[in-house]
Each structure stands twice: as structure tokens, then as C-alpha cells.
Amino acid sequence: MGTQFTNEAISSLSADWLVIGLIESAPLPEAIAKLDETLAGLITRLMENEDFTGKQATTSSLLGLTEISTPRILLVGLGPKADASLSSLEKAMMTAARTISTKQNRRIAVQLPELGETSVTASEAARVISTSMVVGSIGQDLYREESARHPFQDILIVGTNSADQSTCEQAVDQGLILGESINLAREMVNRHAGDIFPISFADRTVEIAKTYGLESEVLDENQLKQEKMGSMLAVAQGSDQPPRLAILKHEGGDPSAPTLALVGKGVTFDSGGLSLKPSDGMKTMKCDMGGAAAVLGAMTAIARLKLPVNVVGYMGLVENMVNGSSYKLGDVLTARNGKTIEVLNTDAEGRLVLADVLTLAVDRGAAKIIDLATLTGACVVALGEEVTGLFSNDAHWSKAVQDAAKTSGEDVWEMPMFPQFAEQLKSDVADLKNIGTRWGGAITAAKFLENFVGETTWVHLDIAGPAFASANQPCREGGGTGCMVKTLVEVANQFK
Ligand code: BES
Ligand code: MN
Ligand code: ZN
């Protein structure tokens, strides 16, 4: 896919579709009014008859046009002007992309909407449109003979104000990179566990590092033993697939500048281990490497955007399975930092993987850490399927990540880290146990992780809900979502 910004007149564009976003009950912007005249008032009539009102993310197709050089127009509603935001624009443009990508269309033009005195700038809008067209036109067709969606070849974003030309051109390029990075994370999640297991995931990180100029390192099971990662290795023990720790490094900043570490849970399949999940809970557990996929997507984007910062991505890759060597209930593990952990549920495996990877990130000199994990069903109970839970040991860092999420249009909600939750993790035989009671499960999981970051400034993002969507919606495809890629890139962009 390629994206491009242009100031050509819309009536002479050559494209398969022209997408036009319109604000609800607002007069037509000048360029559209002119187009409407060329179409003998068709758009005005649609609005007068209330066949198209501009209501948020509704669409109307005008087909078989001969008056202009594009045969099809898709009108898409942006909602009322008072609600105009990057998220409402994204929702509308994702819906548009999903609507027209059901058939093969090579060249798509999108008119940059005039949002007037709203908080959205032209270049921000151009970026969001670019990303939406790239993400919205790819479905879950990896294993289907007949694709339900057809990626666009050329995406043309059409501006009206030539003064914005160069910032919009840049924004459109950035939007493409973000979109492709989100699609990479989605692809990794959508591939089944026979395709993506620790070794194949790690191989992919090495290949991507070569393509985009990242430095890469992969620790195999022997190196993990040397590193004394007894917690992560215990989880891997029950699988025929050996574990890997994949590391990607982007050295865009001064060597003396602080390093941001991104740590992802990469459980390529979570059967639950001996604490076996029932089928219903297991059927989507190829998604349990969504944290690692977000780290991979973000690192790719950070490298391609050449951000002037130092970022290291750590992806802890294991499969949680059942065989004769599986780790067992009652086992006492020794984590890399020397803390002992009593295993009382082998399905609370993500925290065991992250424990060891977090201490490595700390020891390798991370100034600040963000970890991402499909960690607890309890977080989905608390916040629903579309909101990420945020937990932190530092109010400033927490705010920085929340601000980045807001800018990126991703929903994040902070959860408490009260000390009493740590009481639940006290063990009679070890320093910690790996589960608490039924209540506050997302928080006890975060409190568990806190034991492995020491004094380092840290945010934990529980993406168990938003990493994987159970069904299609008009504005987004089901399956892997690529959630938090944009937020991570924005954090890196602001990182000092
Ligand atoms: N990978 C799961 C959490 C999960 C649940 C992710 C639903 C996505 C959707 C995690 O490893 C897990 O099994 N957590 C247990 C923890 C419990 C045993 C303390 C859970 O949430 O039930
Ligand atoms: Mn589990
Ligand atoms: Zn898991």
C-alpha cells in the first residue's frame, strides 16, 4: 500500500472511490458545494431527504457517476461539530475503509474534511485518515481462499489548503507507518499457534530488525538458564516448543540519553497448563502474545519514523502447555532476581514470564518501563473489552502514558495499587505466591509484577480485553486489534 497527499481538484481526480466525510447538519464546505453543483445537487437532496444526515459513522454510496472522473462517492458521517475529535474521525474513516474494501478497489481518494474551529488540525486529520485506510482495508483473511477484504494499492488524501502541503505530506507518511505497524501486530495475533510459537516469533523479530535497521538479540533456552530465569523457564517446561526472549534495540538518541524499555508478554498459546482452561476460555488464547505483538509493532514504527530516542523492546516468548514435564501446583520457582514463587495456579503464567523479563530490563539500564500483557480476565470484568487497565508505581510516568493514549485515541483507565492488595500474595513457603483471591485479580497481578521492577519507574498495561476483538464491528475488524501500538509510539515520541 502507498499513501500520498495531494491538492488536486476533486472533480478531476482519477480514483475508484472518493470518500467524503461530512459534519452533521452543517453547510457543505466550499469544495463539496462545488462538487454538489457538478452533481446537480445530489448531495443536497440526500441531506434534505434525510437519506444522509452526517450522523457519526453512517455511510451513503453514490454509484455510477459520470459527471466527475471518479465513478463512486462514499459519504461518511463525522457526527456533530461539537463532538469532532480524532477518535470520531478515526471511527468514521475506519467504517469507510471497511465499507469499500469488500470489493477490489485499487485507488482510493479521501477528501480531507474541513473541521473548522475544532481541536483537530489538518495534519492530524491527514495522519488519522492515512492510518485508518491502511488498517481498515485489511481483514482476517490470512487463511481464507477468498478474501473478505481487499487492501488498497494507492491512497490519495486530498487537501484543499496548499499552505498545509508539507506538514500534511509528512503526516500522511507517518500515518502509513503507524497503520502498517498496527497491521503487523494484528497479523502476529491473528496467526494461529501452529504458525506463531516462540521460535517463529523470534525469527520474525530478527527479520524485521534487518528490514528496518533495528539491532536484534534472541536468547535461547540455554541463555535463559544462564540468566537464571527460573520463573519464565518453568512456564515453558510443559511445551515441546522451547522459549525465546527476543530483544529489539533502537538507538535513535544520544548514547547518554535515558532508555525506554517496552516489555511484552508473549505467551504464544495459553492452555492454562495443568490448571487447564475450559474450551471456552482457551479458544482465543493464540492472542496471549498480544503484548509482545504490540511491542514488535511499536519498535517497527519507532525505527521507521527514526525517532530520536533510545528504546529497547523485550518480548518474553513461551507456550503454556501440558506434558509430562509441565510445571506443577506447589512448585517453588526461583526468579531471576532471587525471589521465590509458590505456584498455585499454572494459568497465572503471564506474570511468571514478565517477572524475569522485567528484572532483565531493569538490570540492562532501563530508565522507564512499560509492560503490556493480556494478563487477567479480571481486568476485562473490571473495564470491559475495549479499555486497557493501567497500573503504575509513579504518578508522573502514569500521566505521561495516559496523555499519550489520549492523543492516540486509545482508552486507558488507571487502577489503584493500594498496598493491601499485596497481602493476598503472601505465601507460607516462598516469598510470593502467583495468585491472590477471587477479588481484584487485575490488581493483585500488577502488585505481583511490582516485585520485579525495583525502584524503576514503571507502567503496566493489562490489555486482556482490547488486544483481541471477539466480533466484527462496522468500525473495526474482529481478531487482533494492534491495540497500544499508537500509544507506545506516541510515548516514545514524547520521551526525554
Ligand atoms: N491469558 C490469560 C488472561 C486472559 C483472559 C487474556 C482473557 C485474554 C482474555 C491469563 O494468563 C490467565 O489465564 N489469567 C488467569 C489468572 C488467574 C488464574 C489468577 C485469569 O484471568 O483467569
Ligand atoms: Mn493463563
Ligand atoms: Zn495467559
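1. A residue counts as buried when its relative accessible area is under 20%. By that cut-off Asp 270, with 3% relative accessibility, is buried. Please keep in mind that the model is predicted, as the points below all rest on it.

2. Asp 270 is a good place to start, since it coordinates both the manganese ion (ligand 2) and the zinc ion (ligand 3), which sit 3.1 Å apart. If you plan to parametrise the site, here are the two sets of donors in turn.

3. Around the manganese ion (ligand 2), the donors are Asp 270 (OD), Asp 347 (O), Asp 347 (OD) and Glu 349 (OE), at 2.0 to 2.2 Å. Their spacing in the sequence is D-x76-D-x1-E. The arrangement is irregular because the 6 donor atoms subtend angles of 71 to 169°. Asp 270 belongs to strand S9 (residues 259-270), while Glu 349 is in the loop between strand S12 (340-342) and helix H11 (350-363), so this pair ties together parts that are 79 residues apart in sequence. Glu 349 has 0% relative accessibility and therefore counts as buried.

4. The zinc ion (ligand 3) is held by Lys 265 (NZ), Asp 270 (OD), Asp 288 (OD) and Glu 349 (OE), at 2.0 to 2.4 Å. Along the chain these donors follow K-x4-D-x17-D-x60-E. Here the 6 donor atoms subtend angles of 78 to 175°, which makes the arrangement octahedral. For reference, the ideal angles for six octahedral donors are 90 or 180 degrees. Asp 270 in strand S9 and Asp 288 in the loop between helix H9 (279-282) and H10 are 18 residues apart in sequence, so the pair ties those parts together. Asp 288 is buried too, at 2% relative accessibility.

5. Now to the sheet that includes S9. What is the order of its strands? The 8 strands run S7-S8-S10-S9-S13-S17-S14-S15 in an open sheet with mixed pairing. Strand S7 (215-219) and strand S15 (412-414) are the edges, each pairing on one side only. From one strand to the next the twist averages 20°.

6. One pairing can be followed by residue. Strand S8 (residues 244-251) and strand S10 (residues 310-320) run antiparallel and are joined by 8 bridges. Ile 247 has Tyr 314 in S10 as its bridge partner.

7. Two helices pack against these strands. H11 touches S8, S9, S10, S13 and strand S17 (457-462), and its direction makes about 155° with that of S9. Helix H10 (residues 290-304) lies across S8, S9, S10 and strand S13 (368-373), at about 140° to S9.

How values were computed
Residues are numbered from 1 along each chain as its sequence is written. Chains are lettered from A and ligands numbered from 1 in the order in which they are written. This is a predicted model: local features need pLDDT of at least 70, side-chain atom pairs count only at pLDDT 80 or more; totals for chains, interfaces and linings use all residues. Side-chain values use heavy atoms; hydrogens and water are left out. Donors are N, O and S atoms within 2.8 Å of the metal (3.2 Å for Na, K and Ca); water is not among the atoms, so sites may look incomplete. Four donors count as tetrahedral if all angles lie between 85 and 135 degrees; four count as square planar and six as octahedral if opposite donors are over 155 degrees apart and all others between 65 and 115; anything else is irregular. Helices (H or I, at least four residues) and strands (E, at least two) are DSSP runs, numbered from the N terminus. Buried means under 20% relative accessible area, exposed over 50%, partly exposed in between (1.4 Å probe, protein chains only). Two strands pair if DSSP finds at least two bridges between them. Axes are lines fitted to C-alpha atoms, for helices over the stretch in contact, and angles run from 0 to 180 degrees between N-to-C directions. Contact means heavy atoms within 4.5 Å.
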